[in-house]
Amino acid sequence: MKRAILSIFISLIIVFPFVVQGQQFYRVKADFSIKEKNADSTSALTMGTVYYDKNVKQIIYEITFPRKETWILSDTTIYRLVEGKLESKTFAPNMAEFTIFHLTLTGNLYNYGLEKSVYKIIKVEKEEDMVLSTWAPQGQLKEHFGNVIMSHKEKKLFGIVMLSKEEEKVLSRQFFRKYQNINGLEFPGEILQFTYKGDGENIKMTTFKNIIIDDVSENEIYNYSLSDLR
Amino acid sequence: MKVLLAFVLCVLFSLTIQAGQSDLFKVDDKALIAQFGSLTELEHFVSENNEVTLAELQANNNTILNDIAINSSDGSTISLLQEPPLGIPSIIWGFCLGAVGMVIVYIVTESQDELLKSLWGCLLGGVAWVILLVSLSSLSVCI
């Protein structure tokens with residue numbers, strides 16, 4: 001009996017690292033659409049496919065609408081390609097780690113990476129079917145900035161509300177909805193964002209479809225060769 | 001009686017706050033569907049006609065664009081594709097990261113207003129550094 005238990009224990013020790021390693025997601029591919037309604041009654045629609053590998057940290061947008069073009073966000077540069085030819089190259093800070101793709105793949109979407117920011121959690125309460133947590137800026141910053149309220153539903157990030165310093169005004173509301181479980185990874189199928197400016201409201205709805213995690217069929221696109229573009 | 005009144009007021013006040021907080025996370029889906037109706041129709045049309053571009057639709061005077069004031073300004077796409085970094089206000093980006101923070105804010109928001117806020121943050125950050133350095137140097141003189 002003792003020998004059997006010992007065998008199971010040893011087997012678990014051997015197998016466990018592989019199981020854990022199996023949960024280390026590294027790639028995401030998805031068809032996306034971004035619909036925007038602005039306070040000035042203008043609209044925008046952008047559609048295409050996005051590719052991201054957290055190890056490479058390049059975000060590749062194959063845009064099909066409004067124009068066919070490719071955007072590659074790599075390191076501190078945004079490359080814009082039309083018909084495979086470099087159209088423009090712009091400097092930009094490396095934002096890859098702050099995107100929904102990186103946060104989701106690294107398991108940091110739950111608090112939207114806020115625990116690593118200047119905000120600290122000050123209150124948690126349960127309300128209806130949500131757990132609400134209030135985050136406050138620390139130190140001298142709290143004299144200038146307002147709190148952030150985050151809500152979770154079914155142990156998933158549901159909403160983020162940014163308040164003004166006086167907490168009288170809502171600056172923005174963001175919702176993560178229609179989660180899809182892909183191979184054990186919960187990825188939001190819809191992100192809604194309301195931004196308030198004056199009396200106006202800008203609404204942005206991002207949807208992700210055909211989400212593929214850890215795709216190995218298109219290795220080249222995840223690690224886009226930039227040598228010819230530099 | 002006063003205690004009872006205070007208790008009732010406290011309960012009412014806390015309920016008001018709670019109701020306010022949960023209200024912040026309510027979305028009127030019916031209104032949303034109505035607002036995005038035309039864009040959703042366009043989205044479906046584009047999905048079904050995978051190769052179509054906005055320029056082609058405009059050239060053909062496609063009626064699907066009738067109810068949509070499309071903003072197709074060149075280069076606007078990238079601002080749509082990125083989420084605001086950590087939801088942190090522009091002024092904090094300027095305060096913490098200085099000029100780099102300002103660049104981040106401008107790239108993400110493409111808004112002059114937000115850029116101005118980050119500039120204020122940058123200036124505040126600069127002042128804070130100067131105060132810190134002066135304090136440190138005076139401290140070292142004292143020692």
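**Contacts, rings and charges in a two-chain model**

Q: Which residues are in contact with A:Leu163, leaving aside its neighbours within four places in sequence?
A: A:Leu163 touches A:Gly146, A:Asn147, A:Ile149, A:Lys169, A:Val170, A:Leu171 and, in the other chain, B:Leu24. Contact here requires heavy atoms within 4.5 Å. The structure is a predicted model, in which local features need pLDDT of at least 70 and side-chain atom pairs count only at pLDDT 80 or more, while totals for chains, interfaces and linings use all residues. Side-chain values rest on heavy atoms, without hydrogens and water; residues are numbered from 1 along each chain as its sequence is written, and chains are lettered from A and ligands numbered from 1 in the order in which they are written.

Q: Why is A:Leu163 called buried?
A: Its relative accessible area is 7%. The label buried applies under 20%, exposed applies over 50%, and partly exposed covers the range in between (1.4 Å probe, protein chains only). The value of 7% is under 20%, so A:Leu163 is buried. The residue belongs to strand β10 (residues 156-163) of chain A, a strand being a DSSP run of E with at least two residues and a helix a run of H or I with at least four, numbered from the N terminus.

Q: What makes the pair of A:Tyr112 and A:Phe176 tilted?
A: Over all chains, the structure holds 9 aromatic pairs. In this one, the ring centres are 5.6 Å apart and the planes stand at 45°. Rings of Phe, Tyr and Trp (its six-membered ring) pair if their centres lie within 6.5 Å; planes under 30 degrees apart are stacked, over 60 edge-to-face, and the rest tilted. An angle of 45° is neither under 30 nor over 60, so the pair is tilted.

Q: Why does this ring pair tie together parts that are 64 residues apart in sequence?
A: A:Tyr112 lies in the loop between α2 (100-105) and β7 (119-127) of chain A, whereas A:Phe176 lies in strand β11 (residues 170-182), so the pair joins those parts. A:Tyr112 is buried at 1% relative accessible area, and A:Phe176 is buried at 1% as well.

Q: How do you know that A:Arg80 forms a salt bridge with A:Glu69?
A: The closest N and O atoms of the two side chains are 2.7 Å apart. A salt bridge needs a side-chain nitrogen of Lys or Arg within 4 Å of a carboxyl oxygen of Asp or Glu, so the pair qualifies. The bridge links strand β5 (residues 77-82) to strand β4 (residues 69-74) of chain A, with the partners 11 residues apart. A:Glu69 also meets A:Arg67 in a salt bridge, at 2.7 Å from N to O.

Q: Why are A:Arg80 and A:Glu69 called buried, but A:Arg67 partly exposed?
A: A:Arg80 has 11% relative accessibility and A:Glu69 has 4%, so both fall under 20%. A:Arg67 has 23% and therefore lies between 20% and 50%.

Q: What makes the salt bridge of B:Asp29 and A:Arg177 one that crosses between chains?
A: The closest N and O atoms of B:Asp29 and A:Arg177 are 2.7 Å apart. B:Asp29 sits in helix α2 (residues 29-35) of chain B and A:Arg177 in strand β11 of chain A. B:Asp29 is partly exposed at 35%, while A:Arg177 is buried at 12%. Both residues belong to a salt-bridge network that also holds A:Lys178 and A:Glu190.
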